[in-house]
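Work through the exercises below with the sequence and the model side by side. Try each task before reading its solution.

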Amino acid sequence: MPPVISARGVDFAYGKNPVLHDLSLTVQSGEVVCLLGPNGVGKTTLVENLLGSLRPHSGSVRVFGADPRRADAAFWARIGLVQQNWSDHAKWRVKDQLEWIRSMQLTASVRVADVAEVLDAVGLADKADSRLSRLSGGQRRTLDFAAALLGRPELLILDEPTTGLDPASKARLHDLIMDRVDDDATVLMTTHDLSEAERLASRVIIMAAGRIIADGTVAELREGLSREAEVTWVQDGEHHVHATAAPERFLQQLDLDAISGLTVTRPTLEEAYLALVSQPAEAEQNGTDHLTIRRDPATTPTAKEPRT
Ligand SMILES: Nc1ncnc2c1ncn2[C@@H]1O[C@H](COP(=O)(O)OP(=O)(O)OP(=O)(O)O)[C@@H](O)[C@H]1O
């Protein structure tokens, strides 16, 4: 099956400020790809290049096999978007905004959901008659997500969809994303929330300075970290600590009947992330290449496989 998103050798600059450097990326059907990276590394710029609202200076972008800059209404009906730079009519009411989006989508698709149904799903049913200007920041973000869901999209492209959401609203949005994935949708989302990435992602991509520096499952990123797991236990009244890259194998050597207080502490995604994003500065200083965890796209797991 051809990839849902494919970018090849994309370069992009704002004027004389280069942002994306020879960036290539493939997202397969059914994947949930979380795009991570420090502020200003180019995540939103990449998303806008993928959506055709920015034009790569060189390289190519294909979404559903088409150039998004030449795409028609039927193409956009397959995609649900949450973007950073979205303007609206502050005086409109919540349901009017969604009805307007729905009416446009109905011209290209029969899959469109009811406004009331979507507002209920995202927890904004009681705000249907509120003016957009009266919504809180988190409610506004949730409304963006409601709009993204209206067309029951095959592809969700979500730029920081959960920023500013309280934990319960965030959990509900995660469930709705995974409902779409259960319905065979593909997801590309940016986030700064590593626990969100850990929960949702079948694959994590980390960017630094306009390049992809790591690409793999959460488990692969953790394994790529040089820090080993730490095993601690008490035996004959003495505390023991052992660092190992293979804790399961080490545990087989312990006499579990003779020990107590056994703990195994593995590196977290946060530790892996922090180690990876500190690499470019070090690499630049040392003149070495970035650490890149890359897998053969053919072996890319789908979102249906168990997550770590
Ligand atoms: N419209 C613009 N004009 C000029 N420069 C821009 C514009 N938008 C973004 N930039 C610059 O491009 C770089 C990448 O910005 P971008 O918004 O893509 O980063 P990001 O990784 O999404 O950041 P964040 O995590 O803070 O959202 C930054 O240096 C930013 O200052």
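The exercises that follow go from the whole chain to single strands, the ligand shell and the domains.

The model is predicted, and local features need pLDDT of at least 70, side-chain atom pairs count only at pLDDT 80 or more, while totals for chains, interfaces and linings use all residues. Residues are numbered from 1 along each chain as its sequence is written.

**Exercise 1. Take stock of the whole protein.**

Begin with the secondary structure: the protein has 11 helices and 12 strands, where helices (H or I, at least four residues) and strands (E, at least two) are DSSP runs, numbered from the N terminus. Next, consider burial, for which a residue is buried if 20 or more other C-beta atoms lie within 10 Å of its own, exposed if 12 or fewer, and partly exposed in between, with C-beta atoms placed from the backbone. By that rule, buried residues make up 34% of the 308 residues.

**Exercise 2. Describe the open sheet that contains strand 1, and find its edges.**

Start with the order, which is 2-1-4 for the three strands of this open sheet, with antiparallel pairing; two strands pair if DSSP finds at least two bridges between them. Strand 2 (17–27) and strand 4 (58–63) are the edges, because each has a single partner strand and so one side of each is left without a neighbour in the sheet. Then look at one pairing in detail: strand 1 (residues 5–14) and strand 4 run antiparallel and are joined by five bridges, and D11 stands opposite S58 in strand 4.

**Exercise 3. Work out how strand 8 is covered and which strands it pairs with.**

First, check burial along strand 8 (residues 203–208), where six of its six residues are buried. Second, sort these residues by direction: R203, I205 and M207 point one way, whereas V204, I206 and A208 point the other way. Third, follow the partners: strand 3 (residues 32–36) runs parallel to strand 8 and is joined to it by four bridges, with R203 as the bridge partner of V33. Strand 9 (residues 211–216), in contrast, pairs with strand 8 in the antiparallel sense over five bridges, and V204 stands opposite G216 there. Finally, inspect the hairpin of strand 8 and strand 9, which has two residues between the strands and in which A209 takes a positive phi near 45°.

**Exercise 4. Which elements supply the residues around the ligand?**

List the shell first: around the ligand are Y14, N17, V19, G37, N39, G40, V41, G42, K43, T44 and T45, each with its C-beta atom, placed from the backbone, within 6 Å of the ligand. Then assign elements: strand 2 and helix 1 (43–51) each supply at least two residues of this shell, and the largest share, three residues, comes from helix 1.

**Exercise 5. Locate the domains, and place V264 among its surroundings.**

Take the bounds first, which come from an automatic or database domain assignment: domain 1 covers 5–222 + 270–299 and domain 2 covers 228–266. The C-alpha centres of these domains lie 41 Å apart. Now turn to V264, which belongs to strand 12 (residues 259–265) and counts as partly exposed because it has 15 C-beta neighbours inside 10 Å. Leaving aside neighbours within four places in sequence, V264 is in contact with A229, V231 and P247, a contact being two residues whose C-beta atoms, placed from the backbone, lie within 7 Å. The C-alpha atoms of V264 and W233, which are 31 residues apart along the chain, are separated by 9.0 Å.
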